[in-house]
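Open the model in your viewer and keep the selection panel at hand. The stops below go in order.

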There are 2 protein chains.
Amino acid sequence: MSAHPRLSLNQATIKYAPFDEALRLTAGAGYESIGLWREPVADVGLAEAARRLNDSGLRISSLCRGGFFTLPEGPERRAAIDENRRAIEETRVLAAAGADGSAAVLVLVAGGIPAGTTDLAGSRERVRDAIGELAAEARAAGVTLAIEPLHPMYASDRAVVSTLDQALDIALQFGPEVGVVVDTFHIWWDPQVFAAIERAGAAGRIASYQVCDWATPLPADVLLARHYPGDGVIDFSALTRAVDATGYAGDIEVEIFNETIWDDAWPTVVARTASSFADVVAPHLSVLTT
Amino acid sequence: MSAHPRLSLNQATIKYAPFDEALRLTAGAGYESIGLWREPVADVGLAEAARRLNDSGLRISSLCRGGFFTLPEGPERRAAIDENRRAIEETRVLAAAGADGSAAVLVLVAGGIPAGTTDLAGSRERVRDAIGELAAEARAAGVTLAIEPLHPMYASDRAVVSTLDQALDIALQFGPEVGVVVDTFHIWWDPQVFAAIERAGAAGRIASYQVCDWATPLPADVLLARHYPGDGVIDFSALTRAVDATGYAGDIEVEIFNETIWDDAWPTVVARTASSFADVVAPHLSVLTT
């Protein structure tokens, strides 16, 4: 089997597959790259996970995820910052263990508005401040902190960073150790998205390009509203060409949260992910290898 | 009973109340203004609805709704444009029948991406074009077409106009007969929202200010995710002060789609709407009467 050389399977797309199985299925289907999550890595232990990743021959395209930076000062905020320090180190170790071309990219989800408050403005300031605390450490580790703007329907409880421009405005307050994630699911609706992609690319801050689709009606749990590329309303041609035009040449992850897809047979999901990518994303890439 | 002199009850907040009952409850609770919907008006007939509105002594703050402009050229698009012509005329008649200070404002919901396509860009162009077809007619009727940006979670199936800046960019291609709706539920998350409100106000294009709250988790049907002001995460102080600072002195509608609230006793809902407005919106208004 084969898959596009720039395609990476985000591990969450086969969420219930054990760590080893995820590596085996991904490599077996001809993928060259995988996006990992901290929890399954922790389940096998960082050193062991790094060894198995190395054995798999796969690149790592990103580690999900750090962030959750919106709490006011206090022990919980300190614990969150410390957790991110560990995530930076994990990213460094895994990227060193992955095949050549691995990306030391830690995806950051900002966090929501603290419960019982309406402090959106303060929450956004605290995200910037937390990244400020971590940037030097990331730089020293050779890790890129990749701020992922999430769809505004998650602004209340998950991510107060809602647009690519907003993520980039934060990133540009720091050096190249802070970048942004361009995830089609989160930003496709944004009237400013093409200008924002161009700006992020020109600044050299696109740390990751992730693709999955949006379909309606939304499921009861809006966290699980993602689909295979091509199964929804997103114009992958326009968005992929825009990212491609910036010169972004890294891996492209497919990350799907969808209960039906999670319940499907893992080899089916891995194959379907590769074919949907080949159909609607790959034709718009001018750079074929990482 | 009394209610704030600028508070208007959008009829959809007591969706299941018959037309007469909605007028009676609203006026009886001390409101001076109501926002009407086309369907209940059609149920009693336009002329009769206008007579009853006049009898009630209430102002009308807006008529919901026109729009649904995203289909490509063809009979369905022509039917949608014609439907909006009728809506303009209804707005004119009702505003003339309402008490002094009534607003001849027709709320426009853009419409979603045509089924089976990914044509977001074309859909947005067709919204602008449709408004271009209707603007002269609206001007002649003394009606303001009020483009309502809807939350991006509705961009796929309901409204391809997703931000206040985007709505304003369309409105500014026309004269003052085209304005925008500032609805807290739809725009609270937008990092650019305060600049956009200032810009809309400076251009004299704020045609309506609507308030309701956002809470998580979202219900299974995300159309019904609205709450009384104060029951969610929205900072009504910051948004109301921003609208107030522009000099906007019109009615302020509370429009809530929420099955639990719809199932509650109508007088309870009407009273609770007034008290929540008094608690979290009214304190931030410098202009007390319309």
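This is a predicted model. Begin by selecting B:Ala220: among the residues of chain B, its C-alpha comes closest to the rotation axis, at 2.0 Å.

Now show both chains and look at how they are related. In general, a rotation about an axis, together with a shift along it, relates two copies of a chain. Here a turn of 180° with a shift of 0.0 Å along the axis lays chain B on chain A, and the RMSD is 0.0 Å. That is why the axis is called two-fold. Both copies use the same surface, since 100% of the contact residues of chain B recur in chain A.

Next, select the contact between the chains. How many residues does chain B bring to the contact? Chain B gives 28 residues, and chain A gives 28 residues. About 2100 Å² is buried between chain B and chain A, with carbon and sulfur atoms giving 65% of this area. On the side of chain B that touches chain A, 15 residues are nonpolar, nine are polar and four are charged. Look for polar links across the interface of chain B and chain A: six residue pairs are in polar contact, while the number of salt bridges is zero.

Then move to the largest nonpolar core, which has 190 residues. Which residues have the most contacts inside this core? They are Ile131, Met153 and Trp188, in chain A and in chain B alike.

For the last stop, select A:Ile131 and display what surrounds this residue. Leaving aside residues up to four places away in sequence, A:Ile131 touches A:Phe69, A:Leu108, A:Leu145, A:Ile147, A:Ile170, A:Phe174 and A:Val178.

Definitions and conventions
Residues are numbered from 1 along each chain as its sequence is written. Chains are lettered from A and ligands numbered from 1 in the order in which they are written. This is a predicted model: local features need pLDDT of at least 70, side-chain atom pairs count only at pLDDT 80 or more; totals for chains, interfaces and linings use all residues. Side-chain values use heavy atoms; hydrogens and water are left out. Contact means heavy atoms within 4.5 Å. Buried area is the accessible area (1.4 Å probe) that two parts lose on being put together, summed over both. A salt bridge is a side-chain nitrogen of Lys or Arg within 4 Å of a carboxyl oxygen of Asp or Glu. A polar contact is a pair of N or O atoms within 3.5 Å; within protein, one must be able to donate a hydrogen and the other to accept it, and residues adjacent in sequence count only if both atoms are side-chain atoms. Ala, Val, Leu, Ile, Met, Phe, Trp, Tyr, Cys and Pro count as nonpolar, Asp, Glu, Lys and Arg as charged, and the others, Gly among them, as polar. Copies are superposed by least squares on the C-alpha atoms of residues with pLDDT of at least 70 in both. A nonpolar core is a set of buried Ala, Val, Leu, Ile, Met, Phe, Trp, Tyr and Cys residues joined through side-chain atoms within 4.5 Å. Buried means under 20% relative accessible area, exposed over 50%, partly exposed in between (1.4 Å probe, protein chains only).
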